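Biologist: Could you take me closely through one part of this model, namely how its neighbouring helices pack, and then turn to the nonpolar core?

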Amino acid sequence: MANDPDQIERIETYLREQLSPARYRHVIGVRETAVALAKQHGIDADQSELAALLHDCAKECTGDELLSMARRNGLEADEYEQQTPGLLHGKMAPFIAAEQFGVDDEIVFEAMRCHSTGAAEMGPLDQLLFVADFCEPNRPYTAALDVLELAERDLEAAVLDVMQFKLRKTMLKKQPVHPDSFHAYNALLNKRRRAGNG
Ligand SMILES: [Fe+2]
Ligand SMILES: [Fe+2]
């Protein structure tokens, strides 16, 4: 069923109010890329639109806000999230999506939750959002274009490239890597090796 245009408009208004103009542009770019890739790969475009629009809705909350939102919703932040509460923005997005907009779709929620680290088990929508977040048209790095071209042919290969790029970047900045990122990378690498794509 198509997304309700009124709901989409309410979400856009909320995001314009909550996010900086640059972040709002990013979100709109992610939607454009996500919906286009969804159509190419036979993934649900409406779920893609919702996940893309709402994936960063908690991105500009303060660390304290994210930690208290987690507590309120019974989610225990791990040691990495305690140290860097910004890591929680994906996991908090479903709570906002449900409370503010009545979204009730676990597939959409899961894509939001793992959009920045990835996860050991990633379904098509998880993969789509993970890649679209990286290669939407406003991203300033040249790798974005290469990833987009690869994603059009082979979404899973693009996921692996994005994981490698992010891991390298985090390590070069001497920042801690969340274990979910390692688990996601190892799981996908093994899966592709088993399938002869490694
Ligand atoms: Fe994000
Ligand atoms: Fe994002």
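Modeller: What follows is a walk through two helix contacts and then the core. Please keep in mind that this is a predicted model.

I would start with helix 9, residues 143-153, and helix 10, residues 155-172, whose axes lie 7 Å apart and pack at an angle of about 155 degrees. Since angles over 145 degrees count as roughly antiparallel, helix 9 and helix 10 are therefore roughly antiparallel to each other. On the helix 9 side the contact is made by Ala143, Val147, Leu150 and Ala151, while helix 10 contributes Leu155, Ala157, Ala158, Asp161, Val162 and Phe165. Sorted by class, the contact of helix 9 with helix 10 holds nine nonpolar residues and one charged residue, with no polar ones.

Helix 10 also meets helix 11, residues 179-194, and here the axes come within 10 Å and cross at roughly 140 degrees, the crossing being left-handed. In this contact Glu156, Val159, Leu160, Met163, Lys166 and Leu167 of helix 10 meet Ser181, Ala184, Tyr185, Leu188, Leu189 and Arg192 of helix 11. The residues of the contact of helix 10 with helix 11 comprise eight nonpolar, one polar and three charged.

Turning to the core, the largest nonpolar core has 46 residues, of which Ala51, Leu54, Leu129, Val131, Ala132 and Val159 touch the most other members. Helix 8, residues 124-135, supplies the largest share of this core, with eight residues. Leaving aside residues up to four places away in sequence, Ala51 touches Val108, Ala111, Met112, Leu125 and Leu129. In soluble globular proteins, nonpolar side chains tend to be buried together.

Note on methods. Residues numbered from 1 in each chain as written. Chains lettered and ligands numbered in written order. Predicted model: local features only at pLDDT ≥ 70, side-chain atom pairs only at ≥ 80, totals over all residues. Axes fitted to C-alpha atoms, helices over the stretch in contact; angles between N-to-C directions. Helix = DSSP H or I, 4+ residues; strand = E, 2+ residues; numbered from the N terminus. Parallel < 35°, antiparallel > 145°, perpendicular 65-115°, else oblique. Contact = placed C-beta atoms within 7 Å. Nonpolar A, V, L, I, M, F, W, Y, C, P; charged D, E, K, R; others polar. Left-handed = near helix turned anticlockwise from the far one by under 90°. Core = buried A, V, L, I, M, F, W, Y, C linked by C-beta atoms within 7 Å. Buried ≥ 20, exposed ≤ 12 C-beta atoms within 10 Å, placed from the backbone.
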